[in-house]
Amino acid sequence: MGINRRDFLKGAAGSGLLLAADASPALAFGPRTPKELPPDAVGILFDSTLCIGCNACVFRCKQANPHMALRPEFNVPIGGLKIHDTPIGLSENTLTVIKLYKHDGGHSFIKHQCMHCIDPACVSACPVTAFTKDPKTGIVKFCKRVCIGCRYCQLACPFVAIGFKWDEPFPEMVRCQLCDHLIPLGKYAACCSYCPTGAALYGRVADLRKEASRRLDLEYGEPYRFPVNHIESGRKSFRPAAKYYPNIYGDTEGGGLQVMVLAGVSPLRLGLPDLPDVSNAAVSEGVFKTIYKWFAAPIVLLGALVYLAYRNTEEYRKPKDEDD
Amino acid sequence: MECHEVDKNGKKLGGGVSRRDFLKFCAVMAASIGLPLGAGSKIAEAITDPNRPPVIWLSFSECTGCVMSLLQAHHPTLDTFLLDLISLDYTRMFMTTAGHTATALRDKSIEENKGKFILVVEGAIPTKDNGIYCKSGGRTALDILKDVGPKAAFIIALGSCTVWGGAAAAHPNPTGLKGVDKILTDKTVINLNTCPPSPYNLLSTVIHLLTFNELPALDDKGRPKFAYSRTVCNNCERVYNFRAGRFAWQFGDEGHKKGYCLFALGCKGPQTFSNCPSILFGGAGAETWCVGIGHPCCGCAEEGVGWTLPLHQLGDPLYHFPPSHFARIDEPVGMGATAAAAAVVAGSVGIAVGAGAVLAKRLGKEEKKAKELSEKEDATVAKEE
């Protein structure tokens, strides 16, 4: 080794100084500023106390997304409609699924799907911007032509809501896109437009949040007119309110979600992850944007390596002796 | 091929019914009560008994719909029922006598058959102001029921009104109508719900009483289990549409025309216990029951549903035990390899590795040997040369 202790310490101190100079103290390894909800963002309010487990959403979702959601073997037309399978979880063939939570005192249904985070981890993790967040509706969209198939998004998603078409030669990532292909046709998410009880309710996130907090304020058994399908559809279902667990899952969890859940039990018992109020994307981006600010860390690292290499090769750069 | 057969007592069977048809009827009856087919012969014996059981049929605050629905029955027809199965000693609907004569006949029969007759009650009983809102022969319904009820062997409350007030007791219920079991609290009342009641539920119950001389199995609300143990959805022909989320959203829309589930129109089938879809209504033909003809069930067989909940309010599915086809929150994961399995696998791997090592070693040796041998041979060959 051609480096002595003194030089090594000098180099180390130098790079430390450089790093310290680059990272402003307020942002040092902290989360970056969380992203804001677009004012006209759309989403879904899922009320577990209203869900009856009819699976209309699962079936209609597969019908509305035939290009991605039906395997050929299930593509059997019966009475002009296609039959559905009984999925056990989200996958490349299932964009939404109704799961059953059972315990001694009763049971509850929960709709699993892409939660359309306000600050989505998949968008942050994607190295090629195949995932984008629509600036107007807030829908997280996927572009097949850009995707390189690294599946970082699958690993990043805290809800395990992204599927990958393993059995196709040219695969793609598959997840709920809130039926954005129906929006130009004047329609909205198929799961909500066919939910008979209003358990899955579509609308502007701001309106849905107000609706959710109104429901939490209801007394147990108090009659209430629950909006059905779309919060502005005018359809109402009149029934007594159930007992709510006092939390809107998705109000703050994971930096806020556009798909929110109300339930009679803690949403964590319904298979939803316990997320901090700061999104994973903000934390990880905070760390790596600190390290990579002005590309400082790589430059410092490269500089140190070059220096080391230079020191180590000093002997070889000396003019050669006559003896050899 | 009418063959008028005569039973052991010399009585002609069923007014021109062939023996074959008669036994068929008994077997059908046995099946509809949920008895084994062998019970058919017992039923045949019971209903050809010349001592037909006396029946007193009391009518209170009602619309006569129960009797009208009974007229629709055709296996057996009402005349067979009335003339051959039972001895209907008093009813306001079918008696030729009227007034005090009829009342006298009723009282005579009750006194003669005390503790033996079947009492069929039709209509709710007003209780407000001592029940003055329904009177017959100068006596209030409340008074008649309290007098006759305790003397009966069996009491059948026919129709929703009789069971819990039904349409008559809908809010605000100005005359304080109540069901029979609220008034005769110390007697077991067989409650036959639905409005109007299915005639076959009544016939089956009566035949059960005649055959076994005891009550059919009743649930906690006093309803015979053979008819009221399942929800309307359980046997509904549209229920597969419910499970696939295919709903009629409006009367006359595409889903309604295609026969989809009527849940979204406010069908109360999920919370109403009745056998309507199994036995249909009144024998008028295939799919002739409320949901079959395209109207959501209004829950007439269930107290607290029919005439209580709004007609098009969504029903509340009662999943006492949700079906197992739903995905669970935590799908079961295997417990992994047991120690024995791991040992077996490790042993096999060890054997394979050992065998491979030995094989490799031998292979090397053999090669070496062969090489040495060939070298030697080469050397000898070279020497010889």
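This briefing describes the chains, selected surface patches and selected residues of one structure. The model is predicted. Chain A has 324 residues, of which 47% count as buried, and chain B has 385 residues, of which 45% are buried. The points below begin with each chain as a whole and then turn to surface patches, backbone features and individual residues.

**Chain A as a whole**

- The secondary structure of chain A consists of 10 helices and 13 strands.
- The accessible surface of chain A is about 16900 Å², and carbon and sulfur atoms contribute 59% of this area.
- When the contacts in chain A with a separation of 6 or more are considered, 62% of them involve residues 24 or more positions apart.

**Chain B as a whole**

- Chain B contains 15 helices and 10 strands.
- Its accessible surface amounts to about 20000 Å², with 57% belonging to carbon and sulfur atoms.
- Of the contacts in chain B between residues at least 6 apart in sequence, 71% link residues at least 24 apart.

**The nonpolar patch on chain A**

- Four residues, Phe288(A), Tyr292(A), Phe295(A) and Ile299(A), make a nonpolar patch of about 430 Å² on the surface.
- Tyr292(A), a member of this patch, is located in the loop that runs between α8 (280-291) and α9 (296-312) of chain A.
- Tyr292(A) is classed as partly exposed because its relative accessibility is 46%, and partly exposed residues lie between the limits of 20% and 50%.
- Phe295(A), another member of the patch, is also placed in the loop between α8 and α9 of chain A.
- The backbone of Phe295(A) has a positive phi of about 60°, although this residue is not a glycine.

**Charged patches on chain B**

- A patch of positive charge on the surface brings together Lys361(B), Arg362(B), Lys365(B) and Lys369(B).
- Arg362(B), one of the residues in the positive patch, belongs to helix α15 of chain B.
- With a relative accessible area of 56%, Arg362(B) is exposed, because the term applies to values over 50%.
- A negative patch on the surface is formed by Glu372(B), Glu375(B), Glu377(B) and Asp378(B).
- Glu375(B), one of the residues in the negative patch, lies in helix α15, which spans residues 339-384 of chain B.
- The relative accessible area of Glu375(B) is 47%, so this residue is partly exposed.

**Backbone features of chain B**

- The peptide bond that leads from His171(B) to Pro172(B) is cis, and its omega is near 10°.
- Pro172(B) is situated in the loop between α7 (160-164) and β8 (177-178) of chain B.
- Cys195(B) and Pro196(B) are likewise joined by a cis peptide bond, here with an omega of about -10°.
- Pro196(B) occupies a position in the loop between β9 (189-192) and α9 (199-212) of chain B.
- Trp307(B), a residue other than glycine, has a positive phi near 60°.
- Trp307(B) is part of the loop between α14 (276-279) and β10 (327-328) of chain B, and with a relative accessible area of 33% this residue is partly exposed.

**Two residues and their contacts**

- Thr140(B) is in strand β6 of chain B, which covers residues 139-140.
- Thr140(B) has a relative accessible area of 13% and is therefore buried, because buried residues are those under 20%.
- Apart from its neighbours within four places in sequence, Thr140(B) has contacts with Asn130(B), Gly131(B), Ile132(B), Cys134(B) and Lys135(B).
- Ile183(A) is in the loop between β9 (173-174) and α6 (190-193) of chain A.
- Ile183(A) has a relative accessibility of 33%, so this residue counts as partly exposed.
- If residues up to four places away in sequence are not counted, Ile183(A) touches Ile139(A) and Tyr202(A).

Notes
Residues are numbered from 1 along each chain as its sequence is written. Chains are lettered from A and ligands numbered from 1 in the order in which they are written. This is a predicted model: local features need pLDDT of at least 70, side-chain atom pairs count only at pLDDT 80 or more; totals for chains, interfaces and linings use all residues. Side-chain values use heavy atoms; hydrogens and water are left out. Patches are made of residues with over 30% relative accessible area and no salt bridge: like charges are joined within 9 Å, nonpolar side chains (Val, Leu, Ile, Met, Phe, Trp, Tyr) within 5 Å. Accessible areas come from the Shrake-Rupley method with a 1.4 Å probe; for residues, only the protein chains shown count as cover. A salt bridge is a side-chain nitrogen of Lys or Arg within 4 Å of a carboxyl oxygen of Asp or Glu. Helices (H or I, at least four residues) and strands (E, at least two) are DSSP runs, numbered from the N terminus. Buried means under 20% relative accessible area, exposed over 50%, partly exposed in between (1.4 Å probe, protein chains only). Contact means heavy atoms within 4.5 Å. Lys and Arg count as positive and Asp and Glu as negative; His and the chain ends are not counted. The place of a charge is taken as NZ of Lys, CZ of Arg, CG of Asp or CD of Glu.
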